[in-house]
Each structure stands twice: as C-alpha cells, then as structure tokens.
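Look at the chain below and keep it in view while reading. The text takes it part by part.

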Amino acid sequence: MIGATVVFLADSMSSTSHPSRLYGLDTLRALAIVLVFMNHYLLFVSEGGAFGFWGEIGWAGVDLFFALSGYLIGNQIFAALRSEHGFSLPRFYARRFLRTLPNFYVVLALYYVWPAFRGDSALLPLWKFLTFTQNINLTPGTAFSHAWSLCVEEQFYVLLPAVALLIAACRKSLLWAWLAVAASLIAGMLVRAYLWDEYVHVPRGGLGYYKYIYYASWCRFDELVAGVALALLKNFHPGAWARLTSYGNRTLLAGIAGTALMFYVFLNDHYGYAVTVFGYPALAASFSLLLIAALSPASALYKLRVPGAASLALWSYAIYLLHKQLCIVLRPFLQDFAYGPDSLPAILISISVSIVTGWLLYSVVETPFMRWRARHVPANHA
C-alpha cells in the first residue's frame, strides 16, 4: 500500500476553492489506513482472526487510497491546465517525488541496513524498489511487499500528467480525455480476464492471482482512473458537477450501499472470474460515490469532523510504510509479557506504536522536505 500511495490532502486544499480542510476527504483517508492496518494485522500478526470481517476486507483500504489519489492528482493537473500559468511537467514531478520519496527511502534503508527489522523474509534486489517495479511479478511474503501499492501510484504519477498534456494538445481534447478514461477501464477488465484464465484458472491458485493480477499496475489502475474521472468532471463540466454534488446525502447512502455490496461480493468470491474482471471497477464506482459525498457541501460526510481523522490522514503515508513490519517485530516481545497477538493490550500497543512512529517519520523526514518544497518548488496553479 497504499499504498500507498500517496497524495496528502494538504495539496488538494490549494487547488480547490475551500479555505479550510475538506473533512470528508480526511475521514475517507483515515478510514483507508485503519482498514489497511486491520488487514495486515490479521494476515501477518494475528492467530485468531483479529478484527473479524473488517480485517478480512481491510485490503480494500488500498483501493480507497487509489481513488483518493486519482482524484487529488487529477484535480491538481486539470486545475493547472485551466489556469493562466499552465501546467509544468518538471514542477509536477519534482513536487510529487519530494512528497513521496524521502519517507520511502528512509523506510527502505531500515530493511537493508537492519536485518532484524525485516526478519526472515526475503528481500528483493534494491533496483526493483528504486525503479518502482517491485510490484511486477511480485511473490507474496517478501520483505516490504506492501510497497507494491506505492509502485502502482508512482507509475501512475509518471504516466498521467504526460497523457494529460498529450490529450490537451489534441483537437476535441475533452472527448479524447473521456475516451481515454473509458478505454483504461475496459482495458483493465480485458487484461484481468486474460490473466485470470492464464494464471488462476489453471492449478496455480492464489499465488498466481496475487503475483499476476492483484499486484500488477495494469490490473489495478481502475480506482485511480475513477478518481481522475471525477476530477475531469469537476474541472471541465461545472454544471454537471454542481448537480452531482447537490444531493450529497443521497450520494453518501448510495456509496455506502454500493461499498457494502462489493465488500459482500469480494468476501464471498474474491478470486472468482466475474469478481476479478468486474469487481474492481464496481468497487471503484462505489468509492467514487463516497468521494462525491465527501466533496458535497450538503453531505453529512462533508460536514462531519471525526476526532483524530485529520491527523491520521496527514500521517497515513508514514503509518502505511511502517506499521506492518513494526507489528511483526513487536509480536514476540509482547508474547514475552504474556500478551498474545489477539489480546486487547497487544492490539492497542501495536496501534499506538504504529501511530507514534508514523507521526515521528512525518515530523522528522517528511515535514522538512515539504517546507523546502514550499520554498523552492511552487505549485503548478500558483
């Protein structure tokens, strides 16, 4: 994860008309990191199914991160393209990499220079992490495997602005933009259908699913593209966007219902053909409805300030990078004090350590780079 990948909400504030934070987006981002934590804890630490249903479906937090990132990045690009200053590709890349790389490099160094941190897990060659190609044909269970989602996002960050500039140079560029969105979603479904038949239908089981479908960028762009489609709608179809966001609570209910339905579908047949092919764009559509609700002034999600959500949203990238391995490392120490991995003290300590270390990484590494970036690399819309 997360992703993550990963865009922070502070960037989105400067590209919208809202003078304060968008609390709905904070809430969704906080929800995403909570879901991911529960899933990783269940898979890599727990012995008895910690967090139950939420732990099993928590992997979808990465997909929610993708939807958020697609919207926020798309909004920045399209707002800049519409501005009098235009869009600078070098400036965009510089700001993105200054946002994501420092934290990533620090955590990556922990895996390579501190063997006890990675434990017995095999570590892939360094070049795969440095080139953000680690997710390609990735075998589950390797050290720092959850960085696969960051690879997906970094590849998308490199591709999207270049494609946007290319389309902007065409006649009827708006039509081509929507065709590109539709083509991306259709291509994702076709590729997943082919790969499922090739690597999952034959006796390769879950390993083939994760290695060739779940981790693959070309199979996971659906949520990112869905977020970009919302940004395209917001920036170039203001009338339609105004009508869409005028029914915030209805959209919120539809998003919750759609998300609940897709959670049910994935829990019952995660590796099935139909769910593999059509489930991810359907999940992306559900998350898009939640995003619209979070951006709708009439929505309860837009107005609600969840205590702690803004902080979790701000630290979520750092938490994402560290939490999984920290919980694994903590497990034997907690067991020495008779705290089993599914005991309440062990879970609370793991949560607390993950948040504190995420805050520390954000404060010591990310914040100085963000201050330097603010001074030396102005935003595209400035």
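In helix α9, the buried residues are Ala 177, Val 181, Gly 188, Arg 192, Ala 193, Leu 195, Trp 196, Tyr 199 and Val 200. Buried means under 20% relative accessible area, exposed means over 50%, and partly exposed is in between, with a 1.4 Å probe and protein chains only. Helices (H or I, at least four residues) and strands (E, at least two) are DSSP runs, numbered from the N terminus. The model is a predicted one, in which local features need pLDDT of at least 70 and side-chain atom pairs count only at pLDDT 80 or more, while totals for chains, interfaces and linings use all residues. Residues are numbered from 1 along each chain as its sequence is written, and side-chain values use heavy atoms, with hydrogens and water left out.

The length of α9 can be checked against its residue count. The expected span of a helix is 1.5 Å times one less than its number of residues. For the 28 residues of α9 this gives 40 Å, and the end C-alpha atoms are 39 Å apart, which agrees.

Just before α9 comes a loop from α8, and Lys 172 lies in it. Lys 172 is not a glycine, yet its phi is positive, at about 50 degrees. Most residues other than glycine have a negative phi. Lys 172 counts as exposed because its relative accessibility is 65%. A second residue with a positive phi is Ala 338, at near 65 degrees, and it too is a residue other than glycine. Ala 338 sits in the loop between α17 and α18, and its relative accessibility of 67% makes it exposed.

Now turn to α14, residues 248-269. What span should its 22 residues have at 1.5 Å a residue? The expected value is 32 Å, and the end C-alpha atoms are 31 Å apart, so the two agree. Buried in α14 are Gly 248, Thr 251, Leu 252, Gly 255, Gly 258, Thr 259, Met 262, Phe 263 and Phe 266. These residues cover an arc of only 140 degrees around the axis, which puts them on the same side of α14. The arc is that of the directions from the helix axis to the C-beta atoms. An α-helix has 3.6 residues a turn, so residues three or four places apart point the same way. The face of α14 turned away from the buried side carries the exposed residues Arg 250, Leu 253, Leu 261, Tyr 264 and Asn 268.

What do the buried residues of α14 pack against? Their partners are α3 (52-57), α4 (60-82), α13 (238-244), α15 (273-294) and α16 (300-303). One residue of α4 is Leu 68, which is buried because its relative accessible area is 0%. Apart from neighbours within four places in sequence, Leu 68 is in contact (heavy atoms within 4.5 Å) with Leu 25, Leu 28, Arg 29 and Leu 291. The C-alpha atoms of Leu 68 and Ala 226 are 9.4 Å apart, although 158 residues separate them along the chain.

The loop between α7 (126-130) and α8 (148-168) holds Asn 135. Is Asn 135 buried or exposed? With 0% relative accessibility, it counts as buried. Its side chain makes a polar contact of 3.1 Å with the side chain of Gln 155. A polar contact is a pair of N or O atoms within 3.5 Å; within protein, one must be able to donate a hydrogen and the other to accept it, and residues adjacent in sequence count only if both atoms are side-chain atoms. Beyond four places in sequence, the contacts of Asn 135 include Trp 148, Cys 151 and Tyr 215.

Ala 143 is placed in the loop between α7 and α8 as well, and at 1% relative accessibility it counts as buried. Residues up to four places away aside, Ala 143 touches Tyr 111, Arg 118, Ser 121, Ala 122, Leu 123 and Phe 129. In helix α8 lies Ser 149, buried with a relative accessible area of 0%. The side chains of Ser 149 and Tyr 320 are joined by a polar contact of 2.7 Å.
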